[in-house]
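Here is a set of questions about how certain descriptions of a model are justified. Each answer sets a computed value against the criterion behind the term.

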Amino acid sequence: MKRFLTLAFFALISFGTRAQELQCQLTINSERVQITDRQLIQDMERAMNDFMNTRRWTSDAYRPEERIKVKMVVTLQEVPQVGVYKAIVQVVSTRPVFGTGYETVLLSAVDKQWEFEYLPSQPLQYSENSYTSTLASLLSFYAYIIIGMDQDSFTRLGGSPYYDRALQIVTNTAAQAGSNPGWNSFGDTRARYFLLTNLQDPQLEGMRTGAYQYYRLGLDRFAEKPEEGRAAIYKALQDVQKSVQVRPGTALVRAFFEAKSDELANVFKNDPKRDQKAAVFTLLTDIDAPNSQKYQVLAR
């Protein structure tokens, strides 16, 4: 009986300390549009932050300090009619590195195809099985992508269930608001549709297994065992290279290097293994030519 009460007590503590998964700081930049009602922008910003931060997106237990840090900047570009907005959105999510005070970027993406409706009188609502609004779809899509990529960094292919939920959002939204950009295979290949299909493409699985190798076996070991950490990260880059050879220029590959190019240069610039350093330099300049200048520190 005492053991039962003890277990029940700790279960209550665990339940009481469970927190939402995301710690999102979302800001709206309205400098490019003519909006006289500044309270409207403040209300919109508050509604979006509440939507991301007060909802439980998974059944997993997250302690408050384990919440995934996210920054989103919504830059309004046009207001074609009352209550309708077009925007460019930058999304950055980070993850702490074990044994350090350093936070590494998991996702760095710019979505140029946000088109949504917002009216203060209509609260944002989310339904897993049906479409409620384009804005709810946009926010919940990124919530699941962010959680999935975080899970991939801790467990091999751990993000799969969350990408499935993101796919359900895409399917529901495309069926109800198919004219809105970014929800189908037409248009910009950097759109959210392609980011998700890349994450679920078996031919690009090396990007996801490489993520686990990079973060959990590489960066998380780097502080205590830098040689093992670098070797794991090099192995992760070889997995990424295989994906690039199969599907060059994909949204997922570009997002990876937007997030990691500076970090990779810093990780390997002091590598005492000159052969490994030279191999990493050759690999990176081959598969990430746009950032080749950053990798010149590896050639010295």
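Q: What makes it reasonable to say that α3 is largely enclosed by the rest of the structure?
A: In this predicted model, 20 of the 21 residues of α3 are buried, where buried means under 20% relative accessible area. The helix is therefore described as largely enclosed by the rest of the structure.

Q: How do you know that the length of helix α3 agrees with its number of residues?
A: Helix α3 covers residues 134-154, and at 1.5 Å a residue its 21 residues should span 30 Å, the expected span being 1.5 Å times one less than the number of residues. The C-alpha atoms at its ends are 31 Å apart, which agrees with that expectation.

Q: Why are β2 and β3 called paired strands?
A: Two strands pair if DSSP finds at least two bridges between them, and β2 and β3, which run antiparallel, are joined by 10 bridges; the criterion is therefore met. Within this pairing V74 stands opposite V89 in β3. The two strands form a hairpin with two residues between them, and G83 in the turn has a positive phi of about 85 degrees.

Q: How do you know that β3 also pairs with β4?
A: Strand β4 (residues 103-117) runs antiparallel to β3 and is joined to it by 12 bridges, where at least two are needed, so these strands pair as well. One of the bridges links V92 to its partner S108 in β4. The hairpin of β3 and β4 has six residues between the strands, and G99 takes a positive phi near 75 degrees there.

Q: What makes up the lining of the largest pocket, and which residues are the closest to its centre?
A: The largest pocket has a volume of about 470 Å³. Of the 22 residues that line this pocket, E65, E66, P96, D150 and F154 are the closest to its centre, while β2, β3, α3 and α6 are the elements that each give two or more residues to the lining. By class, the lining residues divide into eight nonpolar, four polar and 10 charged.

Q: Which element gives the most to the lining of the second largest pocket?
A: The second largest pocket has a volume of about 190 Å³, and its lining includes V97, Y102, L219 and F222. Both α6 and α8 give two or more residues to this lining, but α8 gives the most, with three residues. By class the lining has six nonpolar, two polar and one charged residues.

Conventions: Residues are numbered from 1 along each chain as its sequence is written. This is a predicted model: local features need pLDDT of at least 70, side-chain atom pairs count only at pLDDT 80 or more; totals for chains, interfaces and linings use all residues. Side-chain values use heavy atoms; hydrogens and water are left out. Helices (H or I, at least four residues) and strands (E, at least two) are DSSP runs, numbered from the N terminus. Buried means under 20% relative accessible area, exposed over 50%, partly exposed in between (1.4 Å probe, protein chains only). On a 1 Å grid over the protein atoms alone, a cavity is a set of points where a 1.4 Å probe fits but cannot get out, and a pocket is an open set with protein on both sides within 12 Å along at least five of seven lines; lining residues have an atom within 4 Å of a point. Grid points are joined across faces, edges and corners, and a volume is the space filled by probe spheres set on the points. Ala, Val, Leu, Ile, Met, Phe, Trp, Tyr, Cys and Pro count as nonpolar, Asp, Glu, Lys and Arg as charged, and the others, Gly among them, as polar.
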